[in-house]
Amino acid sequence: MAVAAVIILLLLLIILPLLYAGPLPPGFTETLLTTAFFSGVASVISLPFGLATALWGRSPGRAFISQVLYVPAVVPPTSVGVLLLSAVMSPSKICSAVGQNCDFISNALYAFFVNKPAGVLLAMFVMALPVSYVVFDGALREIRAEAYFKSLGFKGAGLLLMILLSLRKATISAFIFSFLRGFGELGVLLIFASYPPTLSIYIYNAWLIYGVGPAVTASLLAMGVGIVSAYVVRMWFSK
């Protein structure tokens, strides 16, 4: 069964698609670096938030509330994109309900986030949060780092920093998996922030503009990045 699964994936995702591979569309390297930058920054930002929520959610009565971080992971990404888009436009609705005009706030938020670098970063951060939370939540169930550092007098941001440093494997794993989550995101970005184009948007546009061949080549190269990253994670866990 294991061999059959490997063969099926090799045929469907590598060998047969190679028959259609065409010239790579322009801008691949630039888009790859742009995507890596935004996904990396969003993943780093998500680490303290994910850890803080994992710590907070361990207290009785808070576990259910902390599950809100799962929302971006359990609804279609396109839904998250629509919700983010409506969120930045909401001030005008809120103000109109009390007889005020706040269209300028909505317009400013729209201009700052929608199809802008800040929007790409926000979208990737929202999608990275569940990943960071899950990794740290699992790690904290096995390691009592929180109690140890609290006994030494650490609290607040200092406590978070010491736990991050002590849970090195969990921190690196949370970063890598969050990075990969943002790296491959399409649904949220397609609706909320499609510019500057990330790799998923680039591949989608390559398929629309140049056809299957160039999109296949770009997809295979993107797959290579994912395989290398997954291998790094596997080697890290095997140490």
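**Figure 1. The salt bridge between R181 and E185 in the predicted model****.** R181 is partly exposed, because its relative accessible area of 27% falls between the 20% and 50% cut-offs. Its partner in the salt bridge is E185, and the closest N and O atoms of the pair lie 2.6 Å apart. E185 has a relative accessibility of 2% and therefore counts as buried. The bridge thus pairs a partly exposed arginine with a buried glutamate. The structure holds one salt bridge. The backbone oxygen of E185 is also reached by the side chain of S200, at 2.3 Å.

**Figure 2. Surroundings of G182 in helix 10****.** Helix 10 spans residues 168–183, and G182 is found in it. With 1% relative accessibility, G182 counts as buried, because this value is under 20%. Which residues does G182 touch, not counting those up to four places away in sequence? The contacts are with S39 and M124. S39 falls within the residue range of helix 2 (28–56), and M124 falls within that of helix 7 (117–142). The C-alpha atoms of G182 and T198 are 9.6 Å apart in space, while the two residues are 16 apart in sequence.

**Figure 3. S200 in helix 12 and its polar contact with E185****.** S200 lies in helix 12. Is S200 buried or exposed? Its relative accessibility is 11%, so S200 counts as buried. The side chain of S200 reaches the backbone oxygen of E185 at 2.3 Å. Residues up to four places away in sequence aside, S200 touches G184, E185, L186 and L189. E185 therefore appears in two of these views, as a buried residue, with its salt bridge to R181 and its backbone oxygen reached by S200.

**Figure 4. Helix 12 from L199 onward, with Y204 and the glycine that follows the helix****.** Helix 12 comprises residues 199–210, twelve in number, and reaches 15 Å from its first C-alpha to its last, close to the 16 Å expected at 1.5 Å a residue. Its buried residues are L199, S200, I201, Y202, I203 and A206. Y204, also placed in helix 12, counts as partly exposed, because its relative accessibility is 30%. Leaving aside neighbours within four places in sequence, Y204 is in contact with L186 and L190. L186 is also touched by S200. Y204 and A218 are 14 residues apart in sequence, and their C-alpha atoms are 9.8 Å apart in space. G211 follows the helix and has a positive phi, near 100 degrees.

**Figure 5. The largest nonpolar core and the contacts of F192****.** This core contains 36 residues, of which L51, F136 and F192 touch the most other members. The elements that give two or more residues to the core are helix 2 (28–56), helix 5 (77–97), helix 7 (117–142), helix 9 (156–166), helix 10 and helix 11 (187–192). Helix 7 gives the most, with twelve residues. Apart from this core lies another, of eight residues, among them F179, Y202, I203 and A222. In soluble globular proteins, nonpolar side chains tend to be buried together. With its neighbours within four places in sequence set aside, F192 is in contact with G81, L84, L85, V88, F113, V114, N115, G119, L122 and A123.

**Figure 6. Backbone geometry at N115 and at the Y195–P196 peptide bond****.** N115 is found in the loop between helix 6 (103–113) and helix 7. Where does the phi of N115 lie? Phi is near 55 degrees, a positive value in a residue other than glycine. N115 is partly exposed, because its relative accessible area is 31%, and N115 is among the contacts of F192. In the loop between helix 11 and helix 12 lies P196. A cis peptide bond joins Y195 and P196, with omega about 0 degrees. Most residues other than glycine have a negative phi, and most peptide bonds are trans.

**Figure 7. The whole chain as context for the close-up views****.** The chain has 13 helices and zero strands. Of its 239 residues, 38% count as buried. Among contacts between residues at least 6 apart in sequence, 77% join residues at least 24 apart. The chain exposes about 13,500 Å², and carbon and sulfur atoms supply 73% of this area.

Definitions and conventions:
Residues are numbered from 1 along each chain as its sequence is written. This is a predicted model: local features need pLDDT of at least 70, side-chain atom pairs count only at pLDDT 80 or more; totals for chains, interfaces and linings use all residues. Side-chain values use heavy atoms; hydrogens and water are left out. Helices (H or I, at least four residues) and strands (E, at least two) are DSSP runs, numbered from the N terminus. Buried means under 20% relative accessible area, exposed over 50%, partly exposed in between (1.4 Å probe, protein chains only). Contact means heavy atoms within 4.5 Å. A salt bridge is a side-chain nitrogen of Lys or Arg within 4 Å of a carboxyl oxygen of Asp or Glu. The expected span of a helix is 1.5 Å times one less than its number of residues. A polar contact is a pair of N or O atoms within 3.5 Å; within protein, one must be able to donate a hydrogen and the other to accept it, and residues adjacent in sequence count only if both atoms are side-chain atoms. A nonpolar core is a set of buried Ala, Val, Leu, Ile, Met, Phe, Trp, Tyr and Cys residues joined through side-chain atoms within 4.5 Å. Accessible areas come from the Shrake-Rupley method with a 1.4 Å probe; for residues, only the protein chains shown count as cover.
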